[in-house]
Amino acid sequence: MTVLRQLVYRSRTTHKDAFQQIEQIEADSEAFNSRYNITGLLLTDGEYFFQVIEGPGEHVQALFEKLKSDPRHNNIVKICDHPVFQRDFGAWNLRTLTLKSDRSCYWLPDDIYLKRDSQVYGLINSFANGRWRGCLPEHHRIGLHRSISTTGLSATRDEQSPYQFAFQPIIDTHLGTISSIEALLRDNTGRYPEQILTDLSRSKRYEFDLTSKQYAIAMASELLSSNQSLSINLLPGALTQFSDASDYLLSYLEQFSMKPQQLIVEVTENEIINEGDAFMRAVETLRSKGIRVAMDDFGSGYAGLSVLADFLPDKIKLDRAIACNIHEHGPRQAIVHAVMEFATTLGIPLIVEGIEKMDEWYWLQHIGIQKFQGFLFARPELCGVSAINFQT
Ligand SMILES: Cc1cc2nc3c(=O)[nH]c(=O)nc-3n(C[C@H](O)[C@H](O)[C@H](O)COP(=O)(O)O)c2cc1C
């Protein structure tokens, strides 16, 4: 049985006036939509298009692929794409509507009946209210002249150590500087922290997690200038099990002439909720000594906003899964807008991890994010920081 799907996207006209294009688009759609049983709605305000496409899944997908290469529009952002029980616009192969700016409130003609609590009604309303009408204009993109160019650095490697650290920079593309570097644990066969840590018993794991940071701090002290910071990952258990964990960290910092203000401890949201009050007390202790705390991989776990509200980190690092293809993914954009609103209101800087594409960076910096980490800028480098050559 073919599954009925509904796909919604918004795009921006490449012409001066989308009102003038709409008749031609309707004519171009006729044959395909009636042949493949596609129905839907196309709405424009003269600059943006908002389209609902419904029909058998494979034909909806085929049409969307075709649409993506139509030169009459660009900045295509998919808002949703899911199976539906029945069509909302079954009476029309492509119903077109224009949304004139001189109308004070949005209206739908009487022959279109949509339940007020349906998602599609909500989406049309949000488009009409301007939510999906906003994107990076071409001239702004061209006007961006950010470039960062730095040489690579190496730290003294302890050949006897069974584990090493790789370092990856966090870039402030607004200032054109490296603001901090993150130390990432690797063993001598290149294994990642999860694998290294799970080999150890619980108490050994926490002890190793904490004490291994001495080596990370030693190397970082050779890689950082005094206005840059080091981010380290710590299991909250390492902070709660050892009441003097913050003193250990302070003594390592002192040993390698780094200030407490240069250290940022990153913890993930899932780990935090398992630790509860003891963790919150450990964070207070760190902060009282000048060490900052960041929430890592935010958006990847199940703890979410309530932990964020209780914990109020000094920095929020948005998970790479949220950054992935954000420029064409409506729901992720909505999440980033919401987190950005939260972070801005509370004065917490936001860092986005996992940036791999220029388009992802364009979109994120356009909404006001300044700090990024990802392969687009630099890959992690064992016992050093790789050179950066970032040109827009
Ligand atoms: C905003 C917009 C909406 C469109 N909607 C449809 C549609 O619903 N169905 C369709 O067949 N073509 C639609 N088109 C046109 C297609 O992109 C394409 O030009 C048309 O299907 C003819 O493709 P063909 O020459 O490969 O047959 C739309 C184009 C634009 C710019």
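This report describes the domains, a sheet, a ligand shell and one loop residue of a predicted model.

**Domain arrangement**

The protein is divided into two parts, domain 1 (4–135) and domain 2 (144–391). Their C-alpha centres lie 41 Å apart. Four residues from domain 1 and four residues from domain 2 make up the contact. On the side of domain 1 that touches domain 2, three residues are nonpolar and one is charged, while no polar residue is present.

**The five-stranded sheet**

An open sheet is formed by five strands in the order 4-1-3-2-5, with mixed pairing. Its edges are strand 4 (73–83) and strand 5 (95–98), each of which pairs on one side only. On average, neighbouring strands of this sheet are turned by 15° against each other, direction ignored.

Within the sheet, strand 2 (residues 39–44) and strand 3 (residues 48–56) run antiparallel and are joined by six bridges. One point of this pairing can be named: Leu 42 has Gln 51 in strand 3 as its bridge partner. Helix 2 (residues 57–68) lies across strand 1 (4–13), strand 3 and strand 4, and runs at about 150° to strand 3.

**The ligand shell**

The ligand is surrounded by 16 residues, of which Ser 29, Phe 32, Phe 49, Asp 70 and Arg 72 come nearest. Helix 1 (22–35), strand 3 and helix 2 each contribute at least two residues to the shell. The largest share, five residues, is supplied by helix 1. The composition of the shell by class is given below.

| Class of shell residue | Number of residues |
|---|---|
| Nonpolar | seven residues |
| Polar | five residues |
| Charged | four residues |

Strand 3 thus appears in two settings: it is bridged to strand 2, and it supplies residues to the shell around the ligand. Helix 2 likewise lies across strands of the sheet and supplies at least two residues of the shell.

**His 329 and its surroundings**

His 329 is located in the loop between helix 13 (320–323) and helix 14 (330–346). This residue is classed as partly exposed because 19 other C-beta atoms lie within 10 Å, whereas 20 or more would be required for a buried residue. Leaving aside residues up to four places away in sequence, His 329 touches Val 77 and Lys 78. His 329 and Val 77 are 252 residues apart along the chain, yet their C-alpha atoms are separated by 5.4 Å.

Note on methods
Residues are numbered from 1 along each chain as its sequence is written. This is a predicted model: local features need pLDDT of at least 70, side-chain atom pairs count only at pLDDT 80 or more; totals for chains, interfaces and linings use all residues. Two strands pair if DSSP finds at least two bridges between them. Helices (H or I, at least four residues) and strands (E, at least two) are DSSP runs, numbered from the N terminus. Axes are lines fitted to C-alpha atoms, for helices over the stretch in contact, and angles run from 0 to 180 degrees between N-to-C directions. Two residues are in contact if their C-beta atoms, placed from the backbone, lie within 7 Å. A residue is near a molecule or strand if its C-beta atom, placed from the backbone, lies within 6 Å of it. Ala, Val, Leu, Ile, Met, Phe, Trp, Tyr, Cys and Pro count as nonpolar, Asp, Glu, Lys and Arg as charged, and the others, Gly among them, as polar. A residue is buried if 20 or more other C-beta atoms lie within 10 Å of its own, exposed if 12 or fewer, and partly exposed in between; C-beta atoms are placed from the backbone. Domain bounds come from an automatic or database domain assignment.
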